[in-house]
Amino acid sequence: MTIKQKAVLVCDRLEEKYPEAICSLDYTQPHELMIAGRLSAQCTDERVNIVTKELFAKYKSIEDFASADVNDIEEIIRPCGLFKTKAASVVGMCRAINERFGGRIPDTIEELTTLPGIGRKTANLIMGDVFRKPAVVTDTHCIRITGRLGLTKNTDPAKVEADLWKILPKERSSDLCHRLVLFGREICKARNPLCGECPLADLCGGPGKKGGR
Ligand code: SF4
């Protein structure tokens, strides 16, 4: 079996197990996903969702965030950690969208990553979920699981992303990344993965298996 064929099988089986490929960050408007993605750095999605409930109730548009008092944003997002840096980038990215992109979120990874605080992970999240374009979101679940499955030998997010771009079917890559989050929480956990319940066990060189890690 080639690595591309294996990647397709992983997509098929996780689609069967998790038919709905839902983003685990709560949002109703595109800029909210951008902000939630920024807040999720070194923080759980659950905590981000608690914080953004208050944040998005108070600030409803890119314009609202662009003209916000950074200190007020800091206080609301404090539970997410790194709150000073994150607050500065939340306000900064919205100002940059107004000043450089006419108030519209840009739709290329190259442009998105020029915004303050937006790295490739959040840029890919926006590309996939907002613009419905191919995207590879290399979060901790994606990196761990694709490594265990032998789809990449790398652990650096940018290198994992580059490896996955080469082998994943483009039209399925974004959904797969959402499914990897669900799969990583339920079965292929960081510690003590439930290999006995895994639909990918025959494809895997993971913990306890030859060549695994
Ligand atoms: S067999 Fe175990 S390590 Fe491999 S993908 Fe399944 S749960 Fe993860």
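This passage looks at how the two domains of a predicted model sit against each other, and at the largest pocket.

To start with the overall layout, the protein chain splits into domain 1 (3-22 + 138-203) and domain 2 (30-129). Measured out as C-alpha centres, the two domains are 26 Å apart. Where they touch, seven residues of domain 1 are in contact with eight residues of domain 2. The size of an interface is often given as the accessible area lost when the parts come together. Here, domain 1 and domain 2 bury about 570 Å² between them, and 41% of that is on carbon and sulfur atoms. On the domain 1 side, Glu 161, His 178 and Arg 185 do much of the work: they supply 57% of the area that domain 1 buries against domain 2, more than any other three residues. Charged pairs turn up as well, with three salt bridges counted between the domains. Arg 185 also forms a salt bridge with Asp 45, side chain to side chain, at 3.1 Å from N to O.

Now for the largest pocket, which has a volume of about 390 Å³. It is lined by 20 residues, and Ser 24, Asp 45, Lys 121, Asp 139 and Val 181 are the closest to its centre. Both domains chip in, each giving at least three residues to the lining. As for helices, α3 (45-58), α8 (120-129), α9 (140-148) and α11 (170-186) each supply at least two lining residues, and α11 gives the most, with four. By residue type, the lining is a mix of seven nonpolar, eight polar and five charged residues.

Technical notes:
Residues are numbered from 1 along each chain as its sequence is written. This is a predicted model: local features need pLDDT of at least 70, side-chain atom pairs count only at pLDDT 80 or more; totals for chains, interfaces and linings use all residues. Side-chain values use heavy atoms; hydrogens and water are left out. On a 1 Å grid over the protein atoms alone, a cavity is a set of points where a 1.4 Å probe fits but cannot get out, and a pocket is an open set with protein on both sides within 12 Å along at least five of seven lines; lining residues have an atom within 4 Å of a point. Grid points are joined across faces, edges and corners, and a volume is the space filled by probe spheres set on the points. Ala, Val, Leu, Ile, Met, Phe, Trp, Tyr, Cys and Pro count as nonpolar, Asp, Glu, Lys and Arg as charged, and the others, Gly among them, as polar. Domain bounds come from an automatic or database domain assignment. Contact means heavy atoms within 4.5 Å. Buried area is the accessible area (1.4 Å probe) that two parts lose on being put together, summed over both. A salt bridge is a side-chain nitrogen of Lys or Arg within 4 Å of a carboxyl oxygen of Asp or Glu.
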